[in-house]
Amino acid sequence: MRQRVVWLVWSGVVSAVVLIGLGVCVGSTGFEDLLSPLLNPQMDPVQTAVAQQIVWDIRLPRTLGAWTAGALLGLAGAVAQGLFRNPLADPYLLGSASGASLGVAMALAAMGGGAGMLGSSVSDSASANLVVSVFSSSLWVRVGLTGAAFCGALLAVLLTLALSRGVGHTLRLLLAGVVVGVVLGAMTHLVLLMSPDSLQAMQAFILGSTAFVGWTSTLLMAGVWSLCVVAAWLLARVLDGLSLGDATAISLGLPVAAMRGTLVAVLALATGTAVAQTGLIAFVGLAAPHLVRSLVNTTYGNLMLLASLAGGTLLMAADILARGLIAPQELPVGVLTAVLGGGYLLWLMHRGPNRVAGANP
Amino acid sequence: MSVANHVAMQATAISANLGFVEVLHSINLSLAKGRWTSIVGPNGAGKSTLLKVLAGVLPHSGDVTLLDHAMHQLPNRVRARQLAWLGQNETSADDLSVWDVAMLGRLPHQAWLAGPSAQDQAAVEQALRSTQAWEWRDRALGQLSGGERQRVLLARALAVQAQVLLMDEPLANLDPPHQADWLDIVHALVAQGTTVVSVLHEVNMALHADAVVVMAGGRVHHHGPAGEPHTHRLVEQVFEHRIAIRQLDNQWVALPRRRMWPTKPIAPHNIEANP
């Protein structure tokens with residue numbers, strides 16, 4: 001079992017490295033070999049300089065950004081499934097992604113009015129007419145949007161939990177998640193309608209896109225991922241204990257209530273950070289832990305690390321596909337994951353009633 | 001039994017609600033140290049709720065002492081080392097391996113980030129072997145049958161190596177040979193000085209205990225030695241005389257009694273009060 005986990009970690013790392021190599025070579029014109037001029041600069045210095053600019057300024061941060069966003073969502077999915085003892089829990093189905101999106105929309109609407117504070121630091125060409133753009137590369141704008149998304153995600157999870165009156169009933173939890181998701185989604189659209197300047201930029205954002213992820217976003221996501229993965233790993237034993245039920249976990253001396261609160265915060269932080277940088281990317285959080293579970297039965301400590309690696313790899317692969325599939329046009333990656341993830345969810349439902357309905361007492 | 005240091009657990013004036021309904025009404029109970037006590041009674045008597053209160057996993061009014069200490073004052077981990085609880089139908093840990101599930105029983109003994117010690121591994125191996133679950137230690141819990149899962153969950157509770165072991169319907173899904181094995185396990189634990197409390201629907205098995213607590217309607221109606229005729233009479237009474245307790249091969253057995261003609265349901269005031 002341990003060997004299998006180590007083997008899976010290595011395959012996650014190797015596939016990520018291979019996909020990074022592929023990711024820097026796939027653009028709007030399809031595949032072009034940019035690695036050769038980078039590795040052999042003496043052959044053609046001009047081509048090397050161009051390749052360096054494309055890779056370093058655009059494709060590498062975007063590709064690594066896709067990985068970190070996927071890793072955050074995979075981690076959030078694993079935490080959600082353990083926390084709610086529910087194989088269908090994921091950031092999307094619990095409404096937390098919609099909450100994060102609402103947080104971003106409200107922050108944009110609010111900051112659009114307060115131009116003086118943040119306006120000077122914006123240097124974004126995609127929507128330069130905006131005071132603060134959702135695609136801004138300013139660190140403080142990114143941190144602000146992430147904070148707003150975190151608050152929105154936290155609020156949404158708490159709302160879902162309140163409406164479903166606890167975590168014990170699968171159907172009630174999912175219905176509450178759907179209701180919260182739809183209502184907060186509608187509120188997001190309402191906020192956008194009232195601030196039409198940010199509507200177009202937010203449209204791409206709501207569909208989910210890694211196209212505008214720069215180094216700032218990537219490093220921010222990497223930092224938060226490191227924090228979340230360590231926090232989740234420290235609390236993994238609580239999730240193992242909770243898998244035997246709340247009462248058994250309490251009888252084992254685990255501080256269930258306090259740890260559950262901390263894990264909800266980790267879930268909201270991971271979801272909020274990913275959503276604030278890449279918009280609404282569906283199903284990665286659901287698929288990644290399931291993919292790992294289909295390969296190995298392991299404790300939550302390992303599952304959360306592996307689900308992160310799997311989420312990163314899945315989103316990076318989807319991002320590369322989204323760039324190349326209808327080149328020179330680009331598909332928003334969120335659309336692709338929604339289609340692929342929806343199919344995966346259906347397959348999961350039909351695969352065996354025990355796996356999906358098993359948690360419903 | 002009245003001497004304090006012979007008492008493993010003492011419950012005083014325990015009341016508990018499920019939702020807005022009070023299901024335990026001012027229960028007083030004293031459980032002898034190093035003995036096996038079985039709790040029996042009809043469906044809805046409050047047996048499982050009482051066991052949860054004793055395990056400290058359900059809010060309640062009244063006081064519970066565990067090995068001469070007020071339970072609410074004990075740190076969680078200390079309590080978890082002294083008292084193990086096996087619930088019914090609680091698990092969803094289908095993805096964990098049998099070994100990992102049993103190892104959860106060692107959590108109260110491990111420092112927060114420390115891995116399992118040699119002692120933890122030995123305790124888990126011993127527990128899994130005693131319930132004949134050792135062979136499938138690498139299999140996922142979700143791949144096992146109901147009876148096999150129950151043996152793994154039993155091993156998880158045994159792995160705690162607590163001085164007090166509370167078990168709610170431990171024989172659920174077990175076939176007769178494994179039910180007999182369970183009796184051996186309990187007698188071995190009691191011989192080592194462990195206090196065992198079990199909620200059982202199988203009255204035949206409950207009558208193997210040292211003492212029997214008879215419950216109905218959220219109250220304790222009797223608490224006495226399992227071999228006493230008075231205890232047998234009260235067990236028959238709370239089950240509306242639909243069982244008859246007889247002796248066979250030096251064991252007490254509960255035989256079902258068919259309803260030959262319509263009978264009136266037993267009124268609560270006809271049940272003999274706790275002496």
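**Figure 1. Pairing of strands β1 and β2 in chain B of the predicted model.** Strand β1 (residues 7-18) of chain B runs antiparallel to strand β2 (residues 21-32) of chain B, and eight bridges join the pair. Within this pairing, A11(B) of the close-up stands opposite L29(B) in β2(B). Two residues lie between the strands of the hairpin, and G19(B) there adopts a positive phi near 70°.

**Figure 2. Pairing of strands β1 and β4 in chain B.** β1(B) also pairs with strand β4 (residues 61-66) of chain B, in the antiparallel sense and over five bridges. The bridge partner that A11(B) finds in β4(B) is V64(B). A11(B) thus appears in both views, with L29(B) opposite it in β2(B) and V64(B) as its partner in β4(B). Strands of a sheet pair through backbone hydrogen bonds, in either the parallel or the antiparallel sense.

**Figure 3. The open sheet of six strands in chain B.** The strands follow the order β6-β7-β8-β3-β9-β10 (chain B), and their pairing is mixed. At the edges of the sheet stand β6 (83-86) and β10 (219-225) of chain B, each of which pairs on one side only. From one strand to the next, the twist averages 15°.

**Figure 4. A parallel pair within the sheet, strands β3 and β9 of chain B.** Strand β3 (residues 36-40) of chain B and strand β9 (residues 211-216) of chain B run parallel and are joined by four bridges. In this pair, T37(B) stands opposite A211(B) in β9(B).

**Figure 5. Helix α5 of chain B across strands β6 and β7.** Helix α5 (residues 146-159) of chain B lies across β6 and β7 (164-168) of chain B. The helix runs at about 170° to β6(B), an edge strand of the sheet.

**Figure 6. Chain B as the setting of the preceding views.** The secondary structure of chain B comprises eight helices and twelve strands. Its radius of gyration is 19 Å, close to the 19 Å that the globule rule gives for 275 residues, so chain B is as compact as a globular protein of that length. The C-alpha trace of chain B spans about 60 × 40 × 35 Å along its principal axes. Of the 275 residues of chain B, 44% count as buried.

**Figure 7. The contact between chains A and B.** Chain A contributes 21 residues to the contact and chain B contributes 23 residues. On the side of chain A that touches chain B, the elements giving two or more residues are α10 (236-242) and α11 (246-251) of chain A. α11(A) gives the most, with four residues. By class, this side of chain A holds eight nonpolar, nine polar and four charged residues.

Note on methods:
Residues are numbered from 1 along each chain as its sequence is written. Chains are lettered from A and ligands numbered from 1 in the order in which they are written. This is a predicted model: local features need pLDDT of at least 70, side-chain atom pairs count only at pLDDT 80 or more; totals for chains, interfaces and linings use all residues. Two residues are in contact if their C-beta atoms, placed from the backbone, lie within 7 Å. Ala, Val, Leu, Ile, Met, Phe, Trp, Tyr, Cys and Pro count as nonpolar, Asp, Glu, Lys and Arg as charged, and the others, Gly among them, as polar. Two strands pair if DSSP finds at least two bridges between them. Axes are lines fitted to C-alpha atoms, for helices over the stretch in contact, and angles run from 0 to 180 degrees between N-to-C directions. The radius of gyration is taken over C-alpha atoms; the globule rule is 2.2 Å times the number of residues to the power 0.38. A residue is buried if 20 or more other C-beta atoms lie within 10 Å of its own, exposed if 12 or fewer, and partly exposed in between; C-beta atoms are placed from the backbone.
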